[in-house]
Amino acid sequence: MHHNPPLLRAATHNDMHAIWQIDAKVFGEDVYPAFFFRQAMDLWPELLLVAEYEGQLVGYVLGGFGQERSQGWVLSLAVLPEARGFGLAERMMRQMEANQQALQISELRLTVDPANPAQRLYYRLGYTLQAEIADYFGPGEDRLLLVKTLSGTAAIQGQNRLQNA
């Protein structure tokens, strides 16, 4: 994957099954139902991004809005094991941040399992721990709530990216 980096793009209807397969392969039984990705694409088309490599999807990132319109969420980030180690998750997160900023989001939130090594990426990208929440998804399903304030300069860059896409 070194020679041609994966293409990051907005998901399409044709990607739905592949996104669900990535979700199942990465997260096992704890996956979104397949129809949810279709609904998310309808609700937040700029916030369901896929990584395509040589015609195959190798990852996705899904974002959404919070109750407060200035608050965005990263709901899920998944990269297939064979595509890890090339900076793809970081690229997808940075693109998600730019797309959220272009939609006037000033704060991005996410939850992560305390045992998930992806939290290192989030801290490196500037996310900070806001809370440790026991039983977030039910008994024994603790999560860390991480938050990042998005900068105004990047918001302008994000708007330009969306307009030029």
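This tour proceeds from strand to helix to loop, naming at each stop what to select and what is found there.

**Before starting**

The model is predicted, so local features are given only where pLDDT is at least 70 and side-chain atom pairs only at pLDDT 80 or more, while totals for chains, interfaces and linings use all residues. Residues are numbered from 1 along each chain as its sequence is written, and side-chain values use heavy atoms, with hydrogens and water left out.

**Stop 1: strand S4**

Select residues 71–79, which make up strand S4. Helices (H or I, at least four residues) and strands (E, at least two) are DSSP runs, numbered from the N terminus. Of the nine residues in S4, eight are buried. Buried means under 20% relative accessible area, exposed over 50%, and partly exposed in between, with a 1.4 Å probe and protein chains only.

Next, add strand S3, residues 56–65, which runs antiparallel to S4 and is joined to it by seven bridges. Two strands count as paired if DSSP finds at least two bridges between them. Within this pairing, Leu62 has Ser76 of S4 as its bridge partner. S3 and S4 form a hairpin, with five residues between them.

Then add strand S5, residues 107–112, which is joined to S4 by four bridges and runs parallel to it. Here the bridge partner of Gln71 is Glu107 in S5.

**Stop 2: helix H3 and the crossover**

Select helix H3, residues 88–102, while S4 and S5 remain displayed: together the three elements make a right-handed β-α-β unit. A crossover is right-handed if, with the strands pointing away from the viewer, the path from the first strand over the helix to the second runs clockwise.

Within H3, select Met93. Is Met93 buried or exposed? Its relative accessibility is 0%, so Met93 counts as buried. Which residues is Met93 in contact with, leaving aside its neighbours within four places in sequence? They are Val61, Val74, Leu77, Leu110, Leu121, Tyr122, Leu125 and Tyr127, where contact means heavy atoms within 4.5 Å. For one of these contacts, Val74, the separation from Met93 is 19 residues in sequence and 8.5 Å in space, C-alpha to C-alpha.

**Stop 3: helix H2**

Select residues 34–43, helix H2. Its buried residues are Phe36, Phe37, Ala40 and Met41. Seen down the axis of H2, these buried residues fall within an arc of 140 degrees, so they line one face of the helix; the arc is that of the directions from the helix axis to the C-beta atoms. The face turned away from the buried side carries the exposed residues Phe35, Asp42 and Leu43. To see what covers the buried residues of H2, display elements including helix H1 (16–27), strand S2 (48–53), S3 and S4.

**Stop 4: an aromatic cluster**

Select Tyr32, Phe36, Phe37 and Tyr60, which form one aromatic cluster. Rings of Phe, Tyr and Trp (its six-membered ring) pair if their centres lie within 6.5 Å; planes under 30 degrees apart count as stacked, over 60 as edge-to-face and the rest as tilted. By this rule the model has seven aromatic pairs. One of them, Tyr32 with Phe36, is stacked, at 4.5 Å centre to centre and 25 degrees between the planes. The rings of Phe37 and Tyr60 have centres 5.4 Å apart and planes at 80 degrees, so this pair is edge-to-face. The Phe37–Tyr60 pair links distant parts of the chain, with Phe37 in H2 and Tyr60 in S3, 23 residues apart. Both Phe37 and Tyr60 are buried.

**Stop 5: strand S7**

Select residues 143–149, strand S7, in which six of the seven residues are buried. S5 and S7 run antiparallel and are joined by six bridges; the bridge partner of Glu107 is Thr149 in S7. Strand S6 (128–133) also pairs with S7 in the antiparallel sense, over five bridges, and Leu129 stands opposite Leu146 of S7.

**Stop 6: two loop residues**

Most residues other than glycine have a negative phi. Select Glu54, in the loop between S2 and S3: its phi is near 50 degrees, a positive value. Glu54 is exposed, with a relative accessible area of 64%. Finally, select Asp135, in the loop between S6 and S7, where phi is near 55 degrees, also positive. Asp135 is partly exposed, with a relative accessible area of 43%.
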